[in-house]
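Open the model in your viewer and keep the sequence panel beside it. This tour moves from the whole chain to single residues.

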Amino acid sequence: MSTDTGTVTGGDSSRIHNIGYRSYDGPRLGRAYARRSLFSQSLRGSFGLGRSAKSKVLPMLLCGVMCLVALIIVAVAIATPGMTKLPVKYTDFAIYLQAVIGLFIAAQAPQSVSRDLRFKSIPLYFSRPIERGDYVVAKYAAMASALFILTAAPLVILYAGALLAEFDFVAQTKGFGQGLVSVALLSVLFAGLGLVMAALTPRRGFGVAAVIAVLTITYGAVSTVQAIAWETGSTGAVPWLGLFSPITLIDGVQTAFLGATSAFPGGEGPGAGAGVAYLIVVLALVAGSYAVLMRRYRKVGL
């Protein structure tokens, strides 16, 4: 094991100082390990794990609300005589609980990225061995995974309750699979939009407000315009208006391709043709979110 030394020459005398630096001879785990570590840390942080007790309150409370609602639905289904299916479809659950999901992403997306921006720790990440793409992929994957856990856990409870109630196995399994696909798509879309809004500012409060505006205010505006269009007889415009809000995009995709019942006015969601447009917009938003994050961290990582 070697040490680095420094030589100071002054006048007729020379002094050698041992400054204590030592070379590292152990294994170098590389980018893949760093990327996995960042993903794991970010995922745990989304639920307050490894952080203070105060940081655990909100995410755990929101998870508890999601699971409690699912348990109540199961209890009602089991206790009510003559029921042959759950009172809520698997694909409808996330739509009904969108406010809880919105609060979760609004609180946790800024926590995931704004702190690094605020404390200017991004250049330390990019010093070595991790690169800009590794950071973005790890953060994006962690937030999408956290949202998937939040939204899929109650579906598992619903499915287990349906099997305990001895509802039709094939129908329940099909609905459960459709629900998982729906919440997976929702998780990827919401994670991208939430991280983009949060990464635009190092101030956590501004990030929270921006996420709420994108996810909640747009839904309220689109729903209002859809209701007006429905009441005035412009029913053909209702499905196309759903392209302008994240939650109505998910509603449209699952209505067109996953057998869901639309929450649009009159229950008239997009057909297969319009559903393709919905799917294209969702994929474009996901890809666009990733591109914006990459561009954002190209600047702050310098």
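How many helices and how many strands are there in the chain? There are 11 helices and two strands. Helices here are DSSP runs of H or I with at least four residues, strands are runs of E with at least two, and both are numbered from the N terminus.

Before going on, note that this is a predicted model, in which local features need pLDDT of at least 70, side-chain atom pairs count only at pLDDT 80 or more, and totals for chains, interfaces and linings use all residues. Residues are numbered from 1 along each chain as its sequence is written, and side-chain values use heavy atoms, with hydrogens and water left out.

**The whole chain**

Colour by secondary structure and follow the sequence. The pattern is β-β-α-α-α-α-α-α-α-α-α-α-α. Now turn the C-alpha trace. Along its principal axes it spans about 100 × 45 × 30 Å. The radius of gyration is 25 Å, whereas a compact globule of 302 residues would have one near 19 Å. That radius is taken over C-alpha atoms, and the globule rule is 2.2 Å times the number of residues to the power 0.38.

Switch on the surface. The accessible surface comes to about 15,500 Å², and 65% of it belongs to carbon and sulfur atoms. Such areas come from the Shrake-Rupley method with a 1.4 Å probe; for residues, only the protein chains shown count as cover. Of the 302 residues, 40% count as buried. Buried means under 20% relative accessible area, exposed means over 50%, and partly exposed lies in between (1.4 Å probe, protein chains only).

Next, contacts, meaning heavy atoms within 4.5 Å. Take those between residues at least 6 apart in sequence: 71% join residues at least 24 apart.

**The listed spans**

Select residues 57-81, 93-114, 135-160, 180-200, 207-230 and 272-293. An unreviewed UniProt entry lists them under "transmembrane region". UniProt positions are given in the numbering used here, feature names are shortened, and annotations may be inferred rather than shown by experiment.

Keep two of these spans on screen. Residues 93-114 are 95% helix and 0% strand, with the end C-alpha atoms 30 Å apart. Residues 180-200 are also 95% helix and 0% strand, and their end C-alpha atoms lie 30 Å apart.

**Helix α2**

Show α2, residues 53-79, and pick Ile78 in it. Ile78 is partly exposed, with a relative accessible area of 47%. Which residues does Ile78 contact, leaving aside its neighbours within four places in sequence? They are Gly161 and Ala165. Draw a distance from Ile78 to Met66, 12 residues apart along the chain: their C-alpha atoms are separated by 19 Å.

Stay in α2 and select Val65. Val65 is partly exposed too, at 32% relative accessibility. The C-alpha atoms of Val65 and Ala99 are 11 Å apart, with their positions 34 residues apart along the chain.

**A loop stop**

Go to Glu166, in the loop between α6 (132-164) and α7 (169-199). Is Glu166 buried or exposed? Glu166 counts as exposed because its relative accessibility is 70%. Check the backbone as well. Phi of Glu166 is near 65 degrees, a positive value in a residue other than glycine. Most residues other than glycine have a negative phi.

**Helix α7**

Move into α7 and select Ser182. With 5% relative accessibility, Ser182 counts as buried. Beyond neighbours within four places in sequence, Ser182 is in contact with Thr91, Ile250, Gln254 and Leu258.

Ser187 is in α7 as well. Ser187 is buried, with a relative accessible area of 1%. Not counting residues up to four places away, Ser187 touches Ala144, Leu147, Phe148 and Thr151.

**Helix α11**

Finish in α11, residues 272-300, at Val282. Val282 counts as buried, at 0% relative accessibility. What does Val282 contact, leaving aside neighbours within four places in sequence? Leu185, Leu189, Leu249 and Val253. Val282 and Val253 are 29 residues apart in sequence and 8.7 Å apart in space, C-alpha to C-alpha.

Last, select Val292, also in α11. Val292 counts as partly exposed, at 39% relative accessibility. Draw a distance back to Ser187, 105 residues apart along the chain: the C-alpha atoms of Val292 and Ser187 are separated by 18 Å.
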